[in-house]
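Here are some quick notes on the empty spaces in this one. Have the structure open while you read.

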Amino acid sequence: VDEDRVYLTGLSMGGGGALWLGLTRPDVWAAIAAVCPSAPPGAGELAPNALNVPVRLYHGSADPTVPVESSRNWSKRLAAEGVRVEYVEYPGVRHNSWDLAYKDGAVFDWFQKHRRNVFPERVRFTALSHRYNSAYWVRLDGLTPGIPAAIDARFTAPNRLEILTTALDGFTLSPAGHPSYDAARPLAVRIDGAAVAVRNPAVLSFSRSDKGWLNAAHAHPPGHKQAGAEGPIGAAASARHAYVYGTADNPPAAELERRRKDAATAAEWSTSRSRLSLTLRVLADTEVREGDLSAGHLVLFGTKETNAVIRRLAARLPLELHAGAADYGLVFVYPADGRYVVVNSGLPFWTGAGYAGRVDKPYLPPHAVLNTFGDFILFKGSLENVLVEGRFDNSWKLPPEAAARLKASGAVEVKP
């Protein structure tokens, strides 16, 4: 495979996936073609990342499934960011715009015109997580997951860099091989308007200090969020995981079956429209072994009174739903032994998801709503009535306002 001629395309939800993959990893692709794309939440904030990747959008003007305004707005947004974007709209065509976009291989004729730019003069990159924190010759090291961190780095002349940052505490440059960089010559760097002395050209890492930017690697304090331990809740469902229901209080047979069915419902990722060759494990708490947590993430249903795994972890977990809070749903993610645990106490996490507008497609399985959550959420009755939701800070602590609101609900114990 010619790695400079790898192209990305998709249609409908796959078109949204193409936008997401293209914007989170822009350095992989030579060009992107998104057909009637239904973009996932948060993708719009990453639009500047397509600066060096040509994008073509296709949409039918009469699309009843994904409104045509979506692609029109994407086209305008990308153009405003200086992206080489083209937009093709088919008058009177409904959701099947792919019939025309792919007819006779037309999309491939457009792809053939483009090759990947491995070393662009300018890299503009925004990241929402450590998981997707690099593009081309730039890596973002110090960011707060969930808050867009951005860098705009450009060579203004040979061995002369001008860099602007937003919500960023550390980054690393890897310009070796770039035509505007010569490792044998001094490198002049300006960050956020100030010249920064490069004392160690072998390590082009920079960190923010009280005195400004320094030529030093950014260090993550122990226990702080970092790649693989940053949330949000949906991250636990993006890798190997299992669903665990509780038996610790010896429930009656009918209650035990209800709990098992809740876990089985969460584990059913297939729908009437899409049958997946995928089986996710459903376990009773008594079936969980020491190796299960190290082998993958766990989604735990219940409380410390009903689920023995939650009971075992309770001293480390920051939140706990009171036993009498029957009409509440508490869901949160937390790192444990190198993996995530998601605790779902009270009402199942998908309760009222469709009515609350969390999931815009009625045929999507319950797990789809997880991607609309931050690190924690508390709701009463259904997701139509969310009391508190948000992200833990970089040290996995609750923000003071969120902690106060959780306490005020009377349904949750917030641990110090």
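1. Which residues lie nearest the centre of the second largest pocket? Those are R258, G302, T303, T306 and G346, out of 19 residues that line the second largest pocket. Keep in mind that this is a predicted model.

2. On volume, the second largest pocket holds about 390 Å³ of space. Its lining is a mix by class: seven nonpolar, seven polar and five charged residues.

3. If you want to find the second largest pocket by its elements, go to α5 (253–267) and β20, as each supplies at least two residues of the lining. α5 gives the most, with four residues.

4. Now for closed space. The count comes to one cavity, with 30 Å³ or more as the cut-off. The volume of the largest cavity is about 80 Å³.

5. And what lines the largest cavity? There are 13 lining residues, and K304, I310, L317, L319 and E320 lie nearest the centre. The elements giving two or more residues to this lining are β18 (319–321), β19 (328–336) and β20 (339–346). Of the elements, β18 gives the most, with three residues.

6. By class, the lining of the largest cavity has eight nonpolar residues, along with two polar and three charged ones. K304 and E320 are both among the residues nearest the centre of the largest cavity, so have a look at them on screen.

7. One element to view for both spaces is β20: β20 gives two or more residues to the lining of the largest cavity, and β20 also supplies at least two to the lining of the second largest pocket.

Key. Residues are numbered from 1 along each chain as its sequence is written. This is a predicted model: local features need pLDDT of at least 70, side-chain atom pairs count only at pLDDT 80 or more; totals for chains, interfaces and linings use all residues. Side-chain values use heavy atoms; hydrogens and water are left out. On a 1 Å grid over the protein atoms alone, a cavity is a set of points where a 1.4 Å probe fits but cannot get out, and a pocket is an open set with protein on both sides within 12 Å along at least five of seven lines; lining residues have an atom within 4 Å of a point. Grid points are joined across faces, edges and corners, and a volume is the space filled by probe spheres set on the points. Ala, Val, Leu, Ile, Met, Phe, Trp, Tyr, Cys and Pro count as nonpolar, Asp, Glu, Lys and Arg as charged, and the others, Gly among them, as polar.
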